[in-house]
Amino acid sequence: MANEAVKFVWEGAIPLQIHLHESEVASHPAPPPALVLAPRIGYLPLLVPLIKPYFKDSLPPGEDSIWFDYNGFPLKWYIPTGVLFDLLCAEPERPWNLTIHFRGYPSNILIACEGEDSVKWNFVNSLKEAAYIINGNCKNVMNMSQSDQEDLWTSVMNGDLDAYTRLSPKLKMGTIEDEFSRKTSMSSPPSQQVVPEMDVVGPVKTARIPVRLYVRSITQDFENLEDVPEIDTWDDISYLNRPVEFLREEGKCFTLRNAIESLLPEFFGDRAQTSGEEGEERTVDKSEEADGSPQTGEIKLADGSPQTGEIKLVRIQGIEMKLEIPFSWVVNNLMNPEFYLHISVLVKAPQR
C-alpha cells in the first residue's frame, strides 16, 4: 500500500490551460491556449520548454523572465505546482486556467528565476534544509557525487520514481515507523523474544519532520468551498517553514492533528494565550466538535468580545485529509522529493 501511495503521488498531475497574456499577442488571430499536464511535484518554470515553442510565432520581439499568473495573481515559481493548486483553488478548477507572461516580470513580488537552474538550486537548497532538520547536518547531501546529484534532479524532473528510489537512500534521511504497521505487529501473537522495557514504555522522540505549512486566511463568510473568494495578495497567506517533533507514546498514535496542533496551537487545546494586534492580550478557547466537524477556536480580546477562527480545510497532495490519520503514514507516503511535507490549510479567520 505504501509503495502504491507514493506511486500515485509521483504520477499525480494537474491539467493546465495556459493562455498568452493579451498584451503580448503579436499575431492575428490570437493563439488558442496551450493544454499541458503538469506534474504535482514539479515546478511551473520546468514547463516553459513545452509552452514557449507553442506561442513562439505569436510573441513580439524581445522578452523578459517568464512568469505565470492565476486570475492576475503572480505565482511563486519555487512552490511546487501541486501545492499552488491546492492552496489557491479551494474548489479544484480543471483545467486550471493560468496566464503566461514573457515580459513585465513583477520583481517586487517574485524573486528572480533563471529557468531550470534556479529551480534546481531551490530543490538542492531545500534538500539541504531537510537533511539538517532530520540529521542535524547536511553532510550526506554535500558529499553526494555530482553525477548522483544530477541524476537525482533528473529523476525529479522526469517523474522517474524508480531512479529516485535507487538514488535517494544515499542521502540517509532515515524513516519513521508507520503507525499502521506498529498496530498490526502489536495485535499479532507475542514472540518469545524478550524486548527491553525501555523500548515500549514512556514517550519517545522518534524524528524531526521537515514541514512547510501554507495557511490561507479568509475573513469573508462562506458556506461552501466554491464560495471562497479569489486571492489577490500573498499577504493573505502565512508561510511556516519549521520541523514537527514526531513524538511517540505507548498506547497513543501521533496523528496529523497532533502535527498541525504543534504548528497552529491557536486552533487547538483548551485555552491558549496569544498576542493580539497593538499589544493587546488575546485568550483563545478551543474545542473539537464531537461530530468531527472542523476545529474551531474562539478568540476573546481584552475587551471580552469573542471572535472565532476555524480550520476549514487541510489538503496534502490534493487530498482533503482527515486529521486523525497517523502522521507517520502521511510523512512516509505524501512528502515531496526534497523530503519536505507540504501542507495547505484554509482558515476562516476571526474578524475584528
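Me: Where does E24 lie?
Reply: This is a predicted model, in which local features need pLDDT of at least 70, side-chain atom pairs count only at pLDDT 80 or more, and totals for chains, interfaces and linings use all residues. Residues are numbered from 1 along each chain as its sequence is written, and side-chain values use heavy atoms, with hydrogens and water left out. Helices (H or I, at least four residues) and strands (E, at least two) are DSSP runs, numbered from the N terminus. On that numbering, E24 belongs to the loop between strand 1 (13-20) and strand 2 (34-39).

Me: Which side chain of opposite charge is nearest to E24, and how far away is it?
Reply: Lys and Arg count as positive and Asp and Glu as negative, whereas His and the chain ends are not counted. A salt bridge requires a side-chain nitrogen of Lys or Arg within 4 Å of a carboxyl oxygen of Asp or Glu. E24 is buried and has no salt bridge; buried denotes under 20% relative accessible area, exposed over 50%, and partly exposed the range in between (1.4 Å probe, protein chains only). The nearest candidate for E24 is R103, at 4.5 Å.

Me: Which residue has its backbone nitrogen 2.7 Å from a polar atom of the E24 side chain?
Reply: Contact means heavy atoms within 4.5 Å. Apart from residues up to four places away in sequence, E24 touches S58, L59, P60, H101, F102 and R103. The backbone nitrogen found 2.7 Å from a polar atom of the E24 side chain is that of F102.

Me: Is L20 buried or exposed?
Reply: The place of L20 is in strand 1. Beyond its neighbours within four places in sequence, the contacts of L20 include V25, F55, L59 and F102. Because its relative accessibility is 10%, L20 counts as buried.

Me: How far apart in space are H21 and I100, C-alpha to C-alpha?
Reply: H21 is placed in the loop between strand 1 and strand 2, and its relative accessibility of 26% is why H21 counts as partly exposed. Leaving aside neighbours within four places in sequence, H21 is in contact with T99, I100 and H101. H21 and I100 are 79 residues apart in sequence, while their C-alpha separation is 6.2 Å.

Me: In strand 2, which residue is the bridge partner of L16?
Reply: Two strands pair if DSSP finds at least two bridges between them. Strand 1 and strand 2 do so in the antiparallel sense, over six bridges. Side chains in a regular strand alternate between the two faces of the sheet. Strand 2 has an uncovered face of L35, L37 and P39, and a covered face of A34, A38 and the bridge partner of L16, namely V36.

Me: Which are the edge strands of the open sheet of five strands?
Reply: This open sheet has the order 2-1-5-3-4, with mixed pairing. The edge strands each pair on one side only, and they are strand 2 and strand 4 (73-74).

Me: In strand 5, which residue is the bridge partner of F68?
Reply: Strand 3 (residues 67-70) and strand 5 (residues 96-101) pair in the antiparallel sense over three bridges. In strand 5, the partner of F68 is I100.

Me: Which residue meets R40 in a salt bridge?
Reply: Side chains of opposite charge can pair when their charged atoms come close. The side chain of R40 meets that of D86, at 2.7 Å from N to O. R40 lies in the loop between strand 2 and helix 2 (48-55) and D86 in helix 3, so the pair ties together parts that are 46 residues apart in sequence. R40, at 10% relative accessible area, is buried, as is its partner, at 6% relative accessibility, namely D86.

Me: How many residues of helix 3 are buried?
Reply: Helix 3 spans residues 81-88 and is mostly covered. Among its buried residues are V83, F85 and L87. The number buried is eight of eight.

Me: How many salt bridges does a search of the whole structure find?
Reply: One pair is R212 and E129, whose side chains meet at 2.8 Å, N to O. That pair links strand 6 (residues 203-218) with helix 4 (residues 116-135), 83 residues apart. Another joins K312 to E310, with the closest N and O atoms 3.7 Å apart. The search of the whole structure finds a total of 10.

Me: What percentage of the 352 residues in the chain is buried?
Reply: The chain has 10 helices and 13 strands. Of its contacts with a separation of 6 or more, 69% are between residues 24 or more positions apart. Buried residues make up a share of 46%.

Methods: A polar contact is a pair of N or O atoms within 3.5 Å; within protein, one must be able to donate a hydrogen and the other to accept it, and residues adjacent in sequence count only if both atoms are side-chain atoms.
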